[in-house]
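Biologist: I should like to learn how to read a structure of this kind, beginning with the ligand. Please show it first.

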Amino acid sequence: MLEKALWISPRGDAGDGAVCFRRRFQGTPGGKAALNITCLGVYDAYLNGRRVGDFILAPGCTEYEKRLQAQTYDISDMIQAENELIVTVGKGWHRSRMIAKREGLYHAPCALIAQLDMDGQMIVTDEAWEAGPSNVIFSDIWDGETCDATLPETVYGSVRTVDWPRDILIPQEGPFVKEQERLSPRSVFVTPRGETVIDFGQEITGYVEIMLSAKKGDRVVLSCGEMLDRDGNFYNENYRKALSRMTYVCRDGKQTWKPRFTFYGFRYIRVDEWPGEASPDCFQAVALYSDMERTGFLRTANEKLNRLIENTLWSQRGNFVDIPTDCPQRDERMGWTGDAQVFCKAACYHYNAKQFFEKWMGDLRADQRADGSIPDTVPNFWLIQRSSAAWGDVMTVLPWRVYLMYGDKKILEQNFEAMKGWVDYITGDTLEKNLWIGPDDSSIMWQKHYGDWLALDAAEGSYHGATPNDLIASAFYAHSANLLVKAGKALGRDMVEYEAMRNRIREAFLQRYPVTAMTTQTALVLALAFDLTNDKPGAAARLNRMIRENGNKLKTGFVGTPHLLYALSENGYADTAYELLLQEAYPSWLYEVNHGATTIWEHWDGMKEDGSFWSTDMNSFNHYAYGAVADWLYSAAGGIRPDEEAPGFARAVIAPIPSPRIQSLEAEYKSVHGTIRSKWTNTRDGVRYEIATPVPAEIIIDGKRHSVTPGSYIFYSEAAKG
Ligand code: BGC
């Protein structure tokens with residue numbers, strides 16, 4: 001790619017600022033023209049004053065050492081006789097503080113490579129280009145952006161060519177990150193501490209656009225926060241070392257400004273400096289996320305539940321800025337593999353995430369080590385050496401999920417060897433055959449595995465839930481081996497060996513971890529979810545009892561929570577599943593809603609009953625992991641599921657689970673074969689179901705199976721119990 005073009009860089013040190021690259025050229029309007037371009041950092045390009053394309057934060061976030069996406073834009077209708085192309089390059093992920101451990105990338109030059117093709121004429125980046133400083137004097141993914149509009153026009157000087165590999169260039173794979181919703185302030189108010197704060201009413205990821213009249217040199221400084229503290233003051237200590245600030249030095253007159261090379265996670269904005277009075281019409285919050293088609297819709301008669309669903313959606317949007325991140329605000333924003341493993345199913349219902357995940361799987365493969373292990377974050381910006389159970393298992397869980405949802409074998413073909421590599425890695429890593437047993441490291445903080453991260457049965461001061469790491473690791477070993485076998489079979493490969501291995505792992509698990517000895521909710525949940533017990537009724541009864549004895553409350557963390565409601569509803573305890581879903585006391589999903597959540601919290605007790613916060617240490621209010629509950633609403637409550645034998649919803653299974661606690665629930669999923677709808681309503685005479693399917697389906701109502709052809713159907717059953 002871009003074989004003829006050279007990497008170019010300004011002569012001086014670009015520092016933390018963004019650099020403008022310029023090329024003037026003559027053209028012939030009316031012809032065909034395309035711009036092929038990428039950079040070390042993030043860029044925006046303007047041709048004759050018009051923005052080229054609408055990709056924000058191009059070229060996106062990848063494992064830059066091995067994969068750097070280049071974009072191709074059709075600019076045919078932008079070419080004039082005399083042209084000026086200006087490309088401004090900021091630090092982006094590539095050179096921001098978040099990547100400092102990757103010294104080679106962090107200290108990379110601010111560089112651009114581009115090729116413009118116009119009806120036989122080709123212009124490439126070379127020494128004929130010019131470069132100079134922009135008015136963006138600082139940008140950093142964690143820390144924010146500073147623009148000084150008082151600076152004189154860019155003074156251009158010559159460029160130098162730099163030696164940077166070209167074999168890392170790949171065509172754009174993921175969807176573009178684009179500006180999406182725009183939100184006006186819900187209110188602008190003064191806190192008890194005297195701070196002027198804007199409330200956008202919704203936590204988003206993106207930036208604020210400001211519109212104001214000002215004098216040259218007036219300053220605007222805005223800080224980001226997710227929550228107000230219990231006294232109603234602005235709070236952002238949980239951003240830790242991420243400064244997350246927008247700073248703008250005004251020119252004279254009416255003006256509009258927004259950051260260009262970074263993003264922020266926020267609901268509240270503290271106006272630290274502003275010329276005159278900050279009125280609501282001066283601000284708009286702009287949401288940024290990967291452009292995906294919305295495919296899932298859930299509506300229920302319970303407003304709080306609807307808010308929870310909305311929160312799961314917003315957490316997906318806010319954490320799908322080119323890579324699936326843990327959170328969008330603090331000094332992380334990393335592609336934590338475990339979080340994606342947990343949430344990918346919900347993500348694929350809400351949005352068509354196929355292309356998004358296909359691209360990220362490319363980064364996973366690029367980061368997979370020779371021994372098959374997967375770093376805990378991808379791209380591995382922090383050079384993490386470890387590989388945790390339930391985190392690395394994203395390597396098997398995600399391709400299989402994408403295959404089930406979209407029916408395209410490509411994802412299995414591309415990843416089969418990597419899936420195998422992961423399972424083989426576990427096989428070689430254990431201290432005991434057929435299980436995944438590690439050294440006893442329970443006394444140290446950063447153990448080999450994260451375990452049931454943030455579970456409520458953790459010991460005081462620990463993030464690790466009470467479920468033994470070895471049990472979780474062995475359960476995921478079984479799960480990954482099972483998914484590998486399924487993937488191999490779908491690809492028509494001989495899986496006899498791995499099938500035997502999977503059976504051995506299962507047997508070993510049954511021997512080592514009988515459900516009668518399990519003492520945590522998560523252990524039982526995993527045994528049920530991954531078919532690791534021969535006594536499902538016994539395990540489910542035990543789990544149900546545990547929850548009842550705990551006051552109908554969960555104790556699960558990242559590992560147990562996504563499977564918790566299924567473990568109950570699929571084994572005769574749908575009423576308990578609904579009890580947990582609709583629980584409003586702490587800890588629960590609706591507890592967060594009652595405390596004003598507009599996205600999913602990292603901690604069940606991110607904000608405590610008394611309005612105080614969990615420590616500033618790990619307390620994001622936009623962490624999608626527990627938002628995995630949305631997939632239960634689509635696939636269990638609404639009952640819309642892919643049929644494993646005919647993936648991609650070529651055939652569907654529709655098995656709704658009604659509850660008397662909610663008057664009605666409607667799930668809609670726009671599959672690649674058309675839209676499936678499933679609605680149930682509690683009526684005086686029982687439950688009425690309205691189901692529409694564009695594909696042949698197996699509809700299961702009250703345990704009775706109905707094989708149907710495409711069409712719309714009404715069913716009735718007796719009143720739901722529970
Ligand atoms: C992240 C998590 C992640 C975890 C690993 C945290 O700092 O925010 O979501 O999975 O580390 O334990």
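Modeller: Let us begin with the surroundings of the ligand, where a residue counts as near a molecule if one of its heavy atoms lies within 4 Å of it. Here the ligand is surrounded by Asp326, Arg330, Glu332, Trp336, Asp339, Trp391, Tyr450, Trp453, Phe558, Glu602, Met618 and His623. This is a predicted model, in which local features need pLDDT of at least 70, side-chain atom pairs count only at pLDDT 80 or more, and totals for chains, interfaces and linings use all residues. Residues are numbered from 1 along each chain as its sequence is written, and side-chain values use heavy atoms, with hydrogens and water left out.

Biologist: How many residues of each class form the shell around the ligand?

Modeller: In this scheme Ala, Val, Leu, Ile, Met, Phe, Trp, Tyr, Cys and Pro count as nonpolar, Asp, Glu, Lys and Arg as charged, and the others, Gly among them, as polar. The shell holds six nonpolar, one polar and five charged residues.

Biologist: Which polar side-chain atoms lie close to oxygen atoms of the ligand?

Modeller: A polar contact is a pair of N or O atoms within 3.5 Å; within protein, one must be able to donate a hydrogen and the other to accept it, and residues adjacent in sequence count only if both atoms are side-chain atoms. For Asp326, a polar side-chain atom is 2.7 Å from a ligand oxygen. A side-chain N or O atom of Arg330 lies 2.6 Å from an oxygen atom of the ligand, and for Glu332 a polar side-chain atom is 2.6 Å from a ligand oxygen. Taken alone, the ligand exposes 310 Å², of which the protein buries 98% (accessible areas by the Shrake-Rupley method with a 1.4 Å probe; for residues, only the protein chains shown count as cover).

Biologist: Where are the cis peptide bonds at Pro59 and Pro587 placed?

Modeller: Helices (H or I, at least four residues) and strands (E, at least two) are DSSP runs, numbered from the N terminus. The bond from Ala58 to Pro59 is cis, with omega near 10 degrees, and Pro59 sits in the loop between β5 (50–51) and β6 (68–74). The bond from Tyr586 to Pro587 is also cis, with omega near -5 degrees; Pro587 belongs to the loop between α13 (574–582) and α14 (589–594).
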